[in-house]
Amino acid sequence: MLVLFMGLAPAPEVGAQSGVVLVDPTELTVSEPNGQGTFTITLASRPLSSVYLTMNVSNDQCWASPAYVRIAPDEWDSGATVRVYAVDDDVDDGTQTCLVQTGSTLSDDPDYDGLDVDDVTVSVQDDDVAGIDVSPTNLTVSEPSGSSTFDIVLTSQPTSTVVIPFSTSSGECSVSPPSVSLGISDWETGVTATVYAVDDDFQDGSQPCDVETERAQSNDLNYDRLNPDDVEVTVLDDDSAGVRVIPTQLTISEPDGTDVFTVTLNTEPTSQVSITLSVSNEECSISSETFALDAVNWSDGFVVTVTAVDDNLD
């Protein structure tokens, strides 16, 4: 007679399908300034002993936590979670790649010791944009020596010095310094430029005078050739056209006493100004009845001599 013995199959040996470390996912995307993502490390089978890994990053664009991972035998299928963070910077450098390097495993289980584990490729999206801010872009200054200021800052940290030259659209104003430089140390605090009114002697009313910011010059290609906003400047006039006579009272004596007065203009004329004089009676005479003032002699003026006219009356 044939007798069959039925029994349970033997349990699978610990370490079956061993030697496999799984990383999921192996690609992540995080964004500045503080974006984050996670990946999980698991084992394909239960190890005989805990498995250890260290986390390193390839550059300063991201960081990983924890930096040290332990997977105990009873955690082999749930594994360990690693969180990856974007590192914020101020440079307009576009999307950067940062590799989380898992290194080789350490374990007393020979099947899980010294294994090369997949790294995680992290794309770090940038939040910086190169730009030049000018503030304010409208100023008012007054003759003869009024001044005002504007500031220039960069919107992201440059990788090289940024130089911005200035010029003015007319001779009604001037700007100092003639150019500014911004670098790693002062790109965010910025620099200040001063605009001055240029005094003239014309009654020309308020005049426009733009400070023209030229294209930036830099070895940082994100900033090179950027053209900042110009500054619109209004120059208020302090001149008023008029004719001045000094003095306005004279005393002279018969028979031939004399004295003088001077005629000047308040402002420089744009063309010749003719002036005609006359006397109210025959008690005096003047040396000139007509004369002209122009751009050459308007300020020094014209001197007129007044002479007493002698008569025989008491």
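1. In this predicted model, strand 19 and strand 21, the latter covering residues 232–236, pair in the antiparallel sense over two bridges. Within that pairing, Pro208 is the residue that stands opposite Thr234 in strand 21. Both strands belong to an open sheet of three strands, whose order is 13-21-19 and whose pairing is mixed. The edges of this sheet are taken by strand 13 (138–142) and strand 19 (207–208), each of which pairs on one side only.

2. Before the other details are weighed, a word on confidence is in order. The mean pLDDT of the chain is 89, and 94% of its residues reach 70 or more. The N-terminal stretch calls for separate treatment, since over residues 1–16 the pLDDT is below 50, and beyond near neighbours in sequence this stretch has seven contacts in the model. Where pLDDT is low, the predicted coordinates should not be read in detail.

3. A search of the whole structure finds two disulfides, and with bonded cysteines counted along the chain they follow the pattern 1-2, 3-4. One of them is formed by Cys62 and Cys98, whose sulfur atoms are 2.0 Å apart. The torsion about the S-S bond of Cys62 and Cys98 is about -70 degrees, so this disulfide is left-handed. Cys62 lies in strand 6 (residues 62–65) and Cys98 in strand 9, so the pair ties together parts that are 36 residues apart in sequence. As for exposure, Cys62 counts as buried at 2% relative accessibility, and Cys98 is buried as well, with a relative accessible area of 0%.

4. The other disulfide joins Cys173 to Cys209, with an S to S distance of 2.0 Å. Here the torsion about the S-S bond is about -75 degrees, so the disulfide of Cys173 and Cys209 is left-handed. Cys173 lies in strand 16 (residues 173–176), whereas Cys209 lies in the loop between strand 19 and strand 20 (211–213), so the pair ties together parts that are 36 residues apart in sequence. Cys173 counts as buried at 4% relative accessibility, and Cys209 is buried with a relative accessible area of 0%. A further cysteine, Cys284, has 24% relative accessibility and therefore counts as partly exposed, given that the buried class ends at 20% relative accessible area.

5. Strand 9, which carries Cys98, also deserves attention for its pairing. Strand 5 (residues 56–57) and strand 9 (residues 96–101) pair in the antiparallel sense over two bridges, and in this pairing Asn56 stands opposite Gln101 in strand 9. Strand 9 is also paired with strand 11 (residues 120–125), again in the antiparallel sense, over five bridges. In that second pairing Cys98 stands opposite Val122 in strand 11, and Cys98 is thus a residue to inspect both for this position and for its disulfide to Cys62.

6. Thr213 offers a local view of the region around strand 20, in which this residue is found. At 3% relative accessibility, Thr213 counts as buried. Leaving aside its neighbours within four places in sequence, Thr213 is in contact with Ile164, Pro165 and Phe166, and also with Asn227, Pro228, Asp229 and Asp230. The C-alpha atoms of Thr213 and Ile164 are separated by 6.8 Å, although the two residues are 49 residues apart along the chain. With Pro228 there is a polar contact, in which the side chain of Thr213 reaches the backbone oxygen of Pro228 at 2.9 Å.

7. Towards the C-terminal side, four strands form an open sheet in the order 22-23-27-25, with antiparallel pairing. Strand 22 (243–246) and strand 25 (284–286) stand at the edges and have a single partner strand each, so one side of each is left without a neighbour in the sheet. Neighbouring strands of this sheet are turned by 25 degrees against each other on average, direction ignored. Four bridges join strand 22 to strand 23 (residues 258–265), and these two strands run antiparallel. In this pairing, Arg244 stands opposite Thr264 in strand 23.

Terms used. Residues are numbered from 1 along each chain as its sequence is written. This is a predicted model: local features need pLDDT of at least 70, side-chain atom pairs count only at pLDDT 80 or more; totals for chains, interfaces and linings use all residues. Side-chain values use heavy atoms; hydrogens and water are left out. Two strands pair if DSSP finds at least two bridges between them. pLDDT is the predictor's confidence in each residue, from 0 to 100. Contact means heavy atoms within 4.5 Å. Axes are lines fitted to C-alpha atoms, for helices over the stretch in contact, and angles run from 0 to 180 degrees between N-to-C directions. A disulfide is a pair of cysteine sulfur atoms within 2.5 Å. Buried means under 20% relative accessible area, exposed over 50%, partly exposed in between (1.4 Å probe, protein chains only). A polar contact is a pair of N or O atoms within 3.5 Å; within protein, one must be able to donate a hydrogen and the other to accept it, and residues adjacent in sequence count only if both atoms are side-chain atoms.
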